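Here is a short briefing on helix packing and charged pairs. Please look over the model first, then read the points below.

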Amino acid sequence: MHLGRFRIGMRTMKTALAVMICIFLFHFINRGQPLIAALAAVFALRQDLTTTVSFGKSRVLGNSIGGIAAILYFFIKQYFHHDFLVELIALPIFVALVIIISDGINNNSGIISAIATMLLITLSVTESQSVYFAIDRVLDTFIGTFIALAINFILRPPTNEKEKEIAEDLVELKQKEEKLHFMLAEVQAEIKRKDQKGDGH
């Protein structure tokens with residue numbers, strides 16, 4: 001559906017629905033703030049079930065890596081009595097480790113979700129909260145991801161809507177490719193100009 005320049009697609013509606021379900025579920029079971037679950041649902045939800053399942057697997061693996069890293073970091077921070085230097089030094093090291101591990105097991109598409117999960121948990125857990133709170137936040141990411149999978153399983157887009165979204169994605173990719181070619185041409189021209197100046201001297 002289009003409103004002037006603005007398009008309201010099936011994926012937009014499903015993303016909004018996923019967030020609503022996260023908020024309702026957490027309120028209903030009195031689980032606390034649904035922030036991490038809602039973000040996980042938004043990250044995991046894609047235009048169709050096949051893509052969501054594929055991305056969902058990567059997301060679940062990423063959540064697991066990020067969650068384990070967050071819990072390990074939490075133990076280290078507790079051991080050093082929540083010293084600020086631990087956050088300053090250890091957290092960037094854990095970010096690097098998450099990237100290295102994800103790349104090593106060929107889960108490159110899950111790197112962002114793994115880092116996001118780890119940072120959301122590590123930077124939201126306060127000194128007064130226990131490791132169980134950190135584990136609960138890891139579970140929140142799984143809840144959000146499974147809500148996204150369930151929505152795409154139940155609300156499958158019509159064939160024409162799916163084809164339209166794929167076509168729009170291809171157009172967007174083509175535009176990005178054209179921009180990259182243009183930027184590359186500019187860089188090459190700049191290198192050529194510098195070489196010519198060098199030859200002139």
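In which hand does α1 pass α2? The crossing of α1 past α2 is right-handed. The model is predicted. It holds four salt bridges. Two helix pairs and three of these charged pairs are taken up below.

**α1 against α2**

- Helix α1 covers residues 10-28, and helix α2 covers residues 35-44.
- Their axes lie 9 Å apart, and the packing angle is about 155 degrees.
- Angles over 145 degrees count as roughly antiparallel, and α1 and α2 are therefore roughly antiparallel to each other.
- On the α1 side, the contact uses T15, A18, V19, C22 and F26. On the α2 side, A37, A38, A41 and V42 meet them.
- By class, this contact has eight nonpolar residues and one polar residue. Charged residues are absent from the contact of α1 with α2.

**α1 against α6**

- Helix α6 spans residues 131-154.
- α1 and α6 pack at about 135 degrees, with 10 Å between their axes.
- That angle makes α1 oblique to α6.
- The crossing of α1 and α6 is right-handed.
- From α1, the contact draws on K14, L17, A18, I21, C22, L25 and F26.
- From α6, the contact draws on D140, I143, G144, I147, I151 and N152.
- Nine residues of the contact of α1 with α6 are nonpolar, two are polar and two are charged.
- A18, C22 and F26 of α1 appear in the contact with α2 and also in the contact with α6.

**The salt bridges around D140**

- R31 pairs with D140 in a salt bridge, with 2.6 Å between the closest N and O atoms.
- R31 sits in the loop between α1 and α2, whereas D140 belongs to α6. The two residues are 109 residues apart, and the pair links distant parts of the chain.
- R31 is partly exposed, at 23% relative accessible area.
- D140 is buried, at 0%.
- R137 also forms a salt bridge with D140, at 2.6 Å from N to O.
- R137 and D140 are three residues apart in α6, so about one helical turn separates them.
- R137 counts as buried, with 8% relative accessibility.
- Shared partners join R31, D136, R137 and D140 into one salt-bridge network.
- D140 is also one of the α6 residues in the contact with α1.

**The α3 to α4 pair**

- K77 and E87 meet through their side chains in a salt bridge, at 3.0 Å from N to O.
- K77 lies in helix α3 (residues 49-79) and E87 in helix α4 (residues 84-104), so the salt bridge ties together parts 10 residues apart in sequence.
- K77 is buried, at 12% relative accessible area.
- E87 counts as partly exposed, at 27% relative accessibility.

**Q78 and V131**

- Q78 has its place in helix α3.
- Q78 is partly exposed, with a relative accessible area of 33%.
- How far apart are Q78 and V131 in space? The C-alpha to C-alpha distance is 9.2 Å, across 53 residues of sequence.

Technical notes
Residues are numbered from 1 along each chain as its sequence is written. This is a predicted model: local features need pLDDT of at least 70, side-chain atom pairs count only at pLDDT 80 or more; totals for chains, interfaces and linings use all residues. Side-chain values use heavy atoms; hydrogens and water are left out. Axes are lines fitted to C-alpha atoms, for helices over the stretch in contact, and angles run from 0 to 180 degrees between N-to-C directions. Helices (H or I, at least four residues) and strands (E, at least two) are DSSP runs, numbered from the N terminus. Angles under 35 degrees count as roughly parallel, over 145 as roughly antiparallel, 65 to 115 as roughly perpendicular and the rest as oblique. A crossing is left-handed if the near helix is turned anticlockwise from the far one by less than a right angle, and right-handed if clockwise. Contact means heavy atoms within 4.5 Å. Ala, Val, Leu, Ile, Met, Phe, Trp, Tyr, Cys and Pro count as nonpolar, Asp, Glu, Lys and Arg as charged, and the others, Gly among them, as polar. Buried means under 20% relative accessible area, exposed over 50%, partly exposed in between (1.4 Å probe, protein chains only).
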